[in-house]
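Biologist: I would like to learn how to read a structure feature by feature. Could we go through one together, taking the general idea before the particular case?

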Amino acid sequence: MPSTALAGIRVLDLSRILAAPLATQMLADLGAEVIKVERPGAGDDSRTYGPPFAPGTDTAAFYLSCNRNKRSVTVNHATAEGQEVIRALAARSDVVVENFRTGTLAKYGLDHERLRELNPRLVYLSVTGFGQTGPYAERPGYDGIFQAMSGMMSVSGHPEEPMKVGVSMVDILTGLYASTAVLAALRHRDVTGEGQFIDLSLLDCGLASLSHFAMNYLISGQVPARRGNGGYGGIPSQAFQCADKPLFLVAGNDKQFAALCAAADRTDLLQDPRFATTSARIAHREEILPVLEAILRTRTRDDWLTVLDAHDVPAGPFHEMPEVFADPQIRHRGMLVEVEDPVSGRLPLLANPIRFTATPVEGYAPPPALGEHTDEVLGEVAGLTGDQISGLRARGVV
């Protein structure tokens, strides 16, 4: 039995920035061998997206967030010799992942059609802004653009102002869709012996992530309103200011609302037909929320968290980053790991949240330095000799 879920799978990672590198990092965490191909001298653009930089290096924390457990090889894909090196690696890989603009790699003979001639079992994932087809297919794009165009910003923020989600949410969600797609394609390959092409668009993934917001619109025809920190499920589901600090409270069904009323010593609210059921509270949102706001302001946040927990009402504090990593539940779950980096020393990383019983995610190698593994990968995988690699280096190919 393999020690990791994806032991024996080799991924050739031609991607940069965030969405696709997150997907390949997920595959690497699950045990795949991931070979990251970067431009000589420059590397992945995200290496420069700082400060902050790792101590003693010019490598940005942004890059560190999505490139652990990989090996870095430098190859200039714009040269004929570099293209041959990449083709040799692809011929010996299970998966290729790239996020160049539509049509770019075809100019270099590195598109799916050319590589599948070398390796019919190859799973080839292309992540682009708008997809391989359609009127926008050749446009460039970044996360904020897709948050705007997909409708995500239209449902985020306060009524008077659409708001981008703080993190690059479309990139992150696309990375998760991408890793799922690769795993499904590998399953199909194992059954049929055939690889396939995966066309993944950030715009598509951004829209798909709207989930029940989009479905509510499709069913009702009503444009969803922006509600700040308020939710669209049962009421209440939002932030409330307590006497000192805010908390987030969800009592989305009748049992939880009854428990909230008991915790607040306001069981009289259950007798009001406007608030007696989930549907009634949703219909009378503007009437129940001011009542709850006044109640929550009567005690401190920590007092409320104690009494709400005692009544099994879902609630939690707002944490800044220091509080997040000091939280006893986060610490218990091991969501912060440290690895030994040859330059930076101890390097903190976010752990993979997946918990397996048979194939646990345990190994965390630091994100590689640019071209750190060029010689060993080109020797082991591409079958080049030391003299051949030296020649390529002298000609600026690697």
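**Reading strands, rings and backbone**

Modeller: Let us begin with one bridge, in which Phe 248 has Gly 316 in S11 as its partner. Please keep in mind that this is a predicted model.

Biologist: In which sense do S10 and strand S11 pair, and over how many bridges?

Modeller: Strands of a sheet pair through backbone hydrogen bonds, and the pairing may be parallel or antiparallel. Here S10 and S11, the latter covering residues 315-317, pair in the antiparallel sense over three bridges. Strand S9, residues 237-241, also pairs with S10 in the antiparallel sense, over five bridges, and Ser 237 has Val 250 of S10 as its bridge partner. Between S9 and S10 there are four residues, and the two strands form a hairpin.

Biologist: Which side chains of strand S10 point to one face and are buried?

Modeller: In a regular strand the side chains alternate between the two faces of the sheet. In S10, which spans residues 246-250, Leu 247 and Leu 249 point to one face and are buried, whereas Pro 246, Phe 248 and Val 250 point to the other face and are not buried.

Biologist: What is the order of the strands in the open sheet of six strands?

Modeller: The order is S3-S2-S1-S4-S5-S8, and the pairing is parallel. The edges are formed by strand S3 (70-74) and strand S8 (196-201), each of which pairs on one side only. If direction is ignored, neighbouring strands of this sheet are turned by 20° against each other on average. As a case to look at, strand S5, residues 123-128, pairs with S8 in the parallel sense over six bridges, and Val 127 has Leu 200 in S8 as its bridge partner.

Biologist: Turning to rings, how many aromatic pairs does the count come to?

Modeller: The count comes to five aromatic pairs. One of them joins Phe 130 and Tyr 136, whose rings are edge-to-face, with 5.6 Å from centre to centre and 80° between the planes. Phe 130 counts as buried because its relative accessibility is 9%, while Tyr 136, with a relative accessible area of 33%, is partly exposed. Ring pairs also link Phe 130, Tyr 136 and Phe 146 into a cluster.

Biologist: Which residue lies over the face of Tyr 136?

Modeller: That residue is Arg 139, at 3.9 Å from the ring centre. In another part of the sequence, Arg 299 lies over the face of Trp 304, at 4.6 Å from the ring centre.

Biologist: Why does the sulfur of Cys 66 form no bond with the closest cysteine sulfur?

Modeller: A disulfide is a covalent bond between the sulfur atoms of two cysteines. The sulfur of Cys 66 forms no such bond because the closest cysteine sulfur, in Cys 205, is 16 Å away, which is too far. Cys 66 itself is buried, with a relative accessible area of 0%. For Cys 261 the closest cysteine sulfur is in Cys 242, at 16 Å, again too far for a bond, and Cys 261 counts as buried at 2% relative accessibility. The count for the structure comes to zero disulfides.

Biologist: Where is Val 313 placed, and is Val 313 buried or exposed?

Modeller: Val 313 is in the loop between helix H12 (301-310) and S11, and it is buried, with a relative accessible area of 5%. Leaving aside neighbours within four places in sequence, its contacts include Leu 249, Val 250 and Leu 308. Val 313 and Gly 252 are 61 residues apart in sequence, and their C-alpha atoms are 9.6 Å apart in space.

Biologist: My last topic is the backbone: which peptide bond joins Pro 51 and Pro 52, and what is the phi of Ser 211?

Modeller: Most peptide bonds are trans, and most residues other than glycine have a negative phi. The bond joining Pro 51 and Pro 52 is cis, with omega about 5°, and the peptide bond from Gly 50 to Pro 51 is cis as well, with omega near 5°. Pro 51 is in the loop between strand S2 (33-38) and helix H2 (61-64). Ser 211, although not a glycine, has a positive phi of about 50°; this residue is found in helix H8, residues 211-220, and is partly exposed, with a relative accessible area of 46%. Asp 265 has a positive phi near 55°, lies in the loop between helix H9 (254-263) and helix H10 (278-283), and is exposed at 66% relative accessible area.

Notes
Residues are numbered from 1 along each chain as its sequence is written. This is a predicted model: local features need pLDDT of at least 70, side-chain atom pairs count only at pLDDT 80 or more; totals for chains, interfaces and linings use all residues. Side-chain values use heavy atoms; hydrogens and water are left out. Rings of Phe, Tyr and Trp (its six-membered ring) pair if their centres lie within 6.5 Å; planes under 30 degrees apart count as stacked, over 60 as edge-to-face and the rest as tilted. Buried means under 20% relative accessible area, exposed over 50%, partly exposed in between (1.4 Å probe, protein chains only). A charge sits over a ring if NZ of Lys or CZ of Arg is within 6 Å of the ring centre and within 35 degrees of the ring normal. Two strands pair if DSSP finds at least two bridges between them. Axes are lines fitted to C-alpha atoms, for helices over the stretch in contact, and angles run from 0 to 180 degrees between N-to-C directions. A disulfide is a pair of cysteine sulfur atoms within 2.5 Å. Contact means heavy atoms within 4.5 Å.
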